[in-house]
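Dear colleague,

Here is the structure I promised to pass on to you. Please look through it alongside the notes below, which set out what was found.

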Amino acid sequence: VIVEYLDTLSPVGKLIPAMGRERAEVKTWEALADGVLDALLLARLENSWSGRPKAQRCQAWIDRQISKVNASVKAMSQGLGEKPFCAGIYLSLADIAIGCALGYLDFRFPEIDWRGNHPNLGKLQDKLVEARLKGVAIVATACGSPAKSAKSPERRPSMSKGTTSGVSVSGPKVATSSSVPA
């Protein structure tokens with residue numbers, strides 16, 4: 001909700017498309033990233049929460065959460081394919097959400113080698129981290145160009161109703177509840 005509000009304040013570089021299939025695709029990626037973070041947090045809490053004695057911790061529960069993470073990361077990788085960004089050719093909330101989920105995965109679960117199995121996601125994550133470390137403006141990163149001055153921001157082409165403007169509208173293939181253990 002906060003990002004949606006902030007997105008209305010800027011006339012350039014929208015992180016969430018206004019409507020249609022492109023918006024649904026970005027929101028699908030965001031939901032997938034949220035699910036990964038939910039599963040990671042549940043696994044971490046089960047394994048390390050001081051309010052629960054070690055004797056009551058359940059490794060099967062942790063394994064089930066990690067299997068959800070692995071299935072979701074695989075879906076992310078397949079959905080990303082060789083595209084430069086999750087939802088087309090511009091940085092969007094989808095990329096930021098995926099970057100947060102993968103960053104948390106790296107931070108709290110360094111033993112999970114998701115980069116080895118999904119190098120395209122590793123490449124996206126590295127691009128997002130590098131842009132942040134260099135202080136590159138989101139709009140410039142999204143357009144694949146060096147940072148522009150505040151006086152002349154680079155604008156993202158607007159989407160007219162009913163067109164895709166070259167943006168991919170196929171989101172990640174998300175596992176159904178029958179294919180991923182609860």
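How far does helix H6 reach from its first C-alpha to its last? In this model, which is predicted rather than determined by experiment, helix H6 covers residues 119-134, and its 16 residues reach 22 Å between those two atoms, close to the 22 Å expected at 1.5 Å a residue. The buried residues in H6 are Asn120, Leu121, Gly122, Leu124, Gln125, Leu128 and Ala131. As background to that list, an α-helix has 3.6 residues a turn, so residues three or four places apart point the same way.

As for the protein around H6, its secondary structure comes to 7 helices and 0 strands, which gives the pattern α-α-α-α-α-α-α when read along the sequence. The protein has 182 residues, of which 36% count as buried, and it exposes about 10600 Å², with carbon and sulfur atoms supplying 59% of that area. If you consider the contacts between residues at least 6 apart in sequence, 68% of them join residues that are at least 24 apart.

One residue you may like to inspect is Tyr104, which lies in helix H4, residues 93-108. Once its neighbours within four places in sequence are left aside, Tyr104 is in contact with Leu37, Leu40, Leu41, Arg44 and Phe109. Of these partners, Leu37 is separated from Tyr104 by 67 residues in sequence, while the two are 7.6 Å apart in space, taken from C-alpha to C-alpha.

With best wishes

Terms used: Residues are numbered from 1 along each chain as its sequence is written. This is a predicted model: local features need pLDDT of at least 70, side-chain atom pairs count only at pLDDT 80 or more; totals for chains, interfaces and linings use all residues. Side-chain values use heavy atoms; hydrogens and water are left out. Helices (H or I, at least four residues) and strands (E, at least two) are DSSP runs, numbered from the N terminus. Buried means under 20% relative accessible area, exposed over 50%, partly exposed in between (1.4 Å probe, protein chains only). Contact means heavy atoms within 4.5 Å. Accessible areas come from the Shrake-Rupley method with a 1.4 Å probe; for residues, only the protein chains shown count as cover. The expected span of a helix is 1.5 Å times one less than its number of residues.
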